[in-house]
Amino acid sequence: MKIAVVIYSYTGNSFSIGQKIVRFLESQNHEAQLIRVNVTDDQPSKTDVQLGDIESVAPFDKVIFGSPVRAFSLAPAMVKYLKQVESLSGKTVSCFVTKQLPFSWTGGTSALKKMISLCAEKGAVIDKTAIINWSNNDRDRMIDDFISKI
Ligand SMILES: Cc1cc2nc3c(=O)[nH]c(=O)nc-3n(C[C@H](O)[C@H](O)[C@H](O)COP(=O)(O)O)c2cc1C
């Protein structure tokens, strides 16, 4: 299967999960490609970000999206990316978000919900999802658990 792993990441947490996913998929003999969302003017607190070229996901059967939570919401760069990306019709999509704050009301659920609804608007069939709390001692197990399901 041809699988794209599309990640927006500023400090590298979400990207490191993307790298781990690609290694896993390749070990399962899938053709996996890691695509980093290109933001030309990225700053952590900026909400009106500009994206560079958007790589096409048309050739892929399945897409996995990953992004950090920002200010209790999905990172603006991923919102913008998912609004601009081509149709995801007929593709199976898995999504994850990373976050830092330990409490359940600190943005993970709403960021993930936003990601799912933007993908669904593009026609995707939503599959596995995960919220990875970076400060949780059990982080590596949560990441491995998500990866084993996709
Ligand atoms: C400007 C800013 C806002 C953030 N807002 C939240 C938040 O609302 N909730 C949360 O749990 N983490 C928040 N974080 C932490 C990031 O979501 C977390 O560190 C994430 O793993 C970073 O991912 P990245 O390394 O892929 O960029 C915020 C970080 C930044 C820089």
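Where in the chain does Phe72 lie? In this predicted model, Phe72 is found in the loop between E3 and E4, and its phi is near 65 degrees, a positive value in a residue other than glycine. With 14 C-beta neighbours inside 10 Å, a count that falls between the limits of 12 or fewer for exposed and 20 or more for buried residues, Phe72 is therefore classed as partly exposed. A positive phi, of about 70 degrees, is also seen at Asn29, which is not a glycine. Asn29 belongs to the loop between H1 and strand E2 (31-36), and because 8 other C-beta atoms lie within 10 Å, Asn29 is exposed.

The chain as a whole contains four helices and six strands, which follow one another along the sequence in the pattern β-α-β-β-β-α-β-α-β-α. For 150 residues, a compact globule would be expected to have a radius of gyration near 15 Å, and the 14 Å of the chain agrees with this. Along the principal axes, the C-alpha atoms fill a box of roughly 35 × 35 × 25 Å. Buried residues account for 39% of the 150 residues in the chain. Among contacts with a separation of 6 or more, 72% are made by residues 24 or more positions apart.

In soluble globular proteins, nonpolar side chains tend to be buried together. The largest nonpolar core of the model comprises 41 residues, of which Val63, Met78, Met115 and Cys119 touch the most other members. At least two residues of this core are supplied by each of strand E1 (2-7), helix H1 (13-27), strand E3 (62-70), helix H2 (76-84), strand E5 (92-99), helix H3 (108-121) and strand E6 (125-133). When residues up to four places away in sequence are set aside, Cys119 touches Phe65, Leu82, Leu88, Val93, Cys95, Ala124 and Ile126.

Two of these core residues, Met78 and the Cys119 contact Leu82, recur in the description of H2. Within H2, the residues Ala77, Met78, Val79, Lys80, Tyr81 and Leu82 are buried, and the buried residues of this helix pack against E3, strand E4 (73-74) and H3. E3 and H3 are also contributors to the largest nonpolar core.

The surroundings of the ligand were examined next. The ligand is surrounded by 21 residues, the closest being Ser9, Asn13, Ser14, Pro68 and Lys99. H1, E3 and E5 each supply at least two residues of this shell, and H1, E3 and E5 likewise each supply at least two residues of the largest nonpolar core. By residue class, the shell around the ligand divides into nine nonpolar, 10 polar and two charged residues.

A further position of interest is Gln100, which is located in the loop between E5 and H3. Because 14 other C-beta atoms are found within 10 Å, Gln100 is partly exposed. Although Gln100 and Asn133 are 33 residues apart in sequence, their C-alpha atoms are 5.6 Å apart in space. Residues up to four places away in sequence not being counted, Gln100 touches Trp134 and Ser135.

Terms used. Residues numbered from 1 in each chain as written. Predicted model: local features only at pLDDT ≥ 70, side-chain atom pairs only at ≥ 80, totals over all residues. Core = buried A, V, L, I, M, F, W, Y, C linked by C-beta atoms within 7 Å. Contact = placed C-beta atoms within 7 Å. Rg over C-alpha atoms; globule rule 2.2 N^0.38 Å. Near = placed C-beta within 6 Å. Nonpolar A, V, L, I, M, F, W, Y, C, P; charged D, E, K, R; others polar.
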